[in-house]
Amino acid sequence: MKFYNRSNELQFFDKLRLQKGKRLIVIYGRRRIGKTTLIKRAFEGLGAFYYYVEVMKEETLLRELSFTFLKAFYTDWFNLFSAIFERYEYVIFDEFQNFYKVSPNIMYALQHAWDENTHDTKLIVLGSYVGLMKNIFIDEKMPLFGRSDNVIKIKEFTLKDSIAMLQDFGYTMQEAIQIYAIVGGIPRYLWLFERKAPLSELIYDIFIDDFAPLKEEARNILITEFGSEHKSYFSILQALSGSSKSLAEITEQTGIEKTKLSKYLVELSDIYEIVSRESSVYSSTSKNYKYAIRDYYYNFFFKFIYKDYSLVEFDPKQAIELFMGKLNNFFGLQFERICNRFIEENPQTLGFIPKEVGKHWGKVPYKKGESYDIDIIAYNDQNIAFGECKWTNKKVSIGDYEKLLLRSNYIDIYGKRKIYVLFSKSGFEEDLLKIKSDTLILLTLEDMAKIMGL
């Protein structure tokens with residue numbers, strides 16, 4: 001299997017191996033993000049002690065870890081951890097948070113052993129359950145608070161690296177954008193598309209079939225994260241699927257009262273990092289914000305699989321027909337997010353480095369009750385760019401450009417140079433292409449690929 005991306009992380013571990021003294025490195029990130037693959041690559045051939053922690057009875061876990069280490073049975077955690085630190089320079093515990101799930105007392109024993117450790121041990125702990133991992137090392141009441149030297153979040157692949165990977169599998173730029181819109185930059189999910197096939201067949205095999213790998217993945221991961229309250233969280237995520245929503249819209253769709261809803265949304269954004277709170281960029285109203293699902297796969301899952309799970313179970317052929325009929329609209333909404341990410345990763349496209357990139361929405365001046373939105377706004381002290389993203393089979397016309405010009409005039413701009421960017425799946429009409437202006441940028445999917453160096 002080819003190894004993609006992660007050059008910065010590998011450079012970090014190269015430097016870590018040269019450092020003297022003990023180091024505790026915390027690595028966290030959602031499941032399937034590639035934490036284990038990264039660590040195995042970084043410490044390959046170095047004789048590291050690697051152990052995957054599973055949830056089981058404490059006595060059984062102590063016995064299993066003991067025999068893995070020395071083919072002998074330790075009777076207490078402190079002596080076991082101390083012996084491991086003494087023997088190995090590199091110690092890796094995968095799904096580390098499961099120690100806490102088995103017994104919080106294990107954490108106290110580990111803290112004691114680590115504090116007394118005088119060797120050059122590099123302890124690397126990996127965790128998939130973001131909320132619990134953050135709690136273990138950031139909560140000052142926890143025994144390992146303040147012990148970590150580095151806390152590293154493993155992020156999904158960039159848009160460029162994700163598209164490059166899919167192109168290696170033989171997909172066109174358009175096909176790669178569609179797949180990215182469904183699963184984002186999660187490495188394990190991208191590998192599921194290695195066998196090139198029509199999109200309907202891929203969605204059926206990966207999401208709908210009885211043995212589909214991603215049919216239950218989101219449900220299983222999130223029930224473990226949320227526990228007994230998962231139904232409320234799922235209700236919120238279903239309401240948010242597809243597009244961003246205001247607090248009032250979420251309340252209306254879920255029936256959850258605002259006080260409880262606010263608590264859930266804070267946890268979903270700050271602790272679990274599944275939801276983002278998005279402000280209207282360059283808005284004069286500070287409270288003008290909405291919520292959205294960050295993760296592309298969770299977004300797709302709750303929009304399609306979770307919402308129509310009964311149909312998926314009892315009539316999968318009808319389910320795939322239903323989904324394919326709705327996908328183009330879904331891709332249109334996701335294309336806006338993808339174009340925003342493209343600008344964040346390739347700001348040179350605009351000719352300036354923006355302070356902020358995002359979506360803008362507001363009320364049309366002098367027209368009561370009428371709203372508008374702009375797909376992309378990016379700005380710095382001297383410049384401001386307005387962007388429109390079109391995922392349609394029609395070429396973008398001069399009329400689309402004029403609508404963007406009109407909407408940009410709804411915003412008070414003082415002393416900034418205005419730039420307009422139009423993204424199009426299907427290209428542009430001749431009258432628009434004939435406009436010669438250094439403030440108008442027209443980008444097809446192929447143009448995006450070239451800018452990314454693909």
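**Cysteines, fold and local geometry in a predicted model**

A search of the whole structure, which is a predicted model, turns up zero disulfides. Cys339 is in no such bond, and the nearest cysteine sulfur, that of Cys389, sits 3.6 Å away. Why is there no bond at Cys389? The gap of 3.6 Å to the sulfur of Cys339, the closest one, is too far for a bond, because a disulfide calls for two cysteine sulfur atoms within 2.5 Å. As for their surroundings, Cys339 is buried, with a relative accessible area of 0%, and Cys389 also counts as buried, at 6%.

Stepping back to the overall fold, the protein chain comes to 21 helices and twelve strands. Its C-alpha atoms fill a box of roughly 80 × 50 × 50 Å along the principal axes. The radius of gyration is 25 Å, which agrees with the value near 22 Å that a compact globule of 454 residues would have. Buried residues account for 52% of the 454 residues. If one looks at contacts between residues at least 6 apart in sequence, 66% of these join residues at least 24 apart.

The surface and the charges can be put just as briefly. The accessible surface of the protein chain is about 21,600 Å², and carbon and sulfur atoms hold 48% of that. There are 62 positive and 61 negative side chains in the protein chain. The centres of these two sets lie 2 Å apart.

Next comes the backbone. Most residues other than glycine have a negative phi. Glu273 goes the other way, with a positive phi near 60 degrees. The residue is found in the loop that runs between α15 (258-271) and β6 (275-279). Is Glu273 buried or exposed? At 18% relative accessibility, Glu273 counts as buried, since the cut-off for that label is under 20%.

Tyr366 is another non-glycine residue with a positive phi, here about 65 degrees. Tyr366 also belongs to a loop, the one between β8 (356-363) and β9 (371-379). Its side of the burial scale is a separate matter: with 87% relative accessibility, Tyr366 counts as exposed, because that label applies over 50%.

Strand β8, which comes before the Tyr366 loop, also holds Gly358. Gly358 is buried, at a relative accessible area of 10%. Which residues does Gly358 touch once its neighbours within four places in sequence are left aside? The contacts are Val281, Asn340, Asp375, Ile376 and Ile377. Asp375, Ile376 and Ile377 fall in the range of β9 (371-379). The C-alpha atoms of Gly358 and Ser280 are separated by 7.5 Å, although these two residues are 78 residues apart along the chain.

Towards the other end of the numbering, Glu9 has its place in helix α1, which covers residues 7-16. Glu9 is a buried residue, with 18% relative accessible area. Not counting residues up to four places away in sequence, Glu9 touches Leu38 and Ile154.

Conventions: Residues numbered from 1 in each chain as written. Predicted model: local features only at pLDDT ≥ 70, side-chain atom pairs only at ≥ 80, totals over all residues. Heavy atoms only, no water. Helix = DSSP H or I, 4+ residues; strand = E, 2+ residues; numbered from the N terminus. Rg over C-alpha atoms; globule rule 2.2 N^0.38 Å. Buried < 20%, exposed > 50% of the residue type's maximum accessible area, 1.4 Å probe, protein only. Contact = heavy atoms within 4.5 Å. Areas by Shrake-Rupley, 256 points an atom, 1.4 Å probe, with all protein chains shown as cover. Lys, Arg positive; Asp, Glu negative; His and termini not counted. Charge placed at Lys NZ, Arg CZ, Asp CG, Glu CD.
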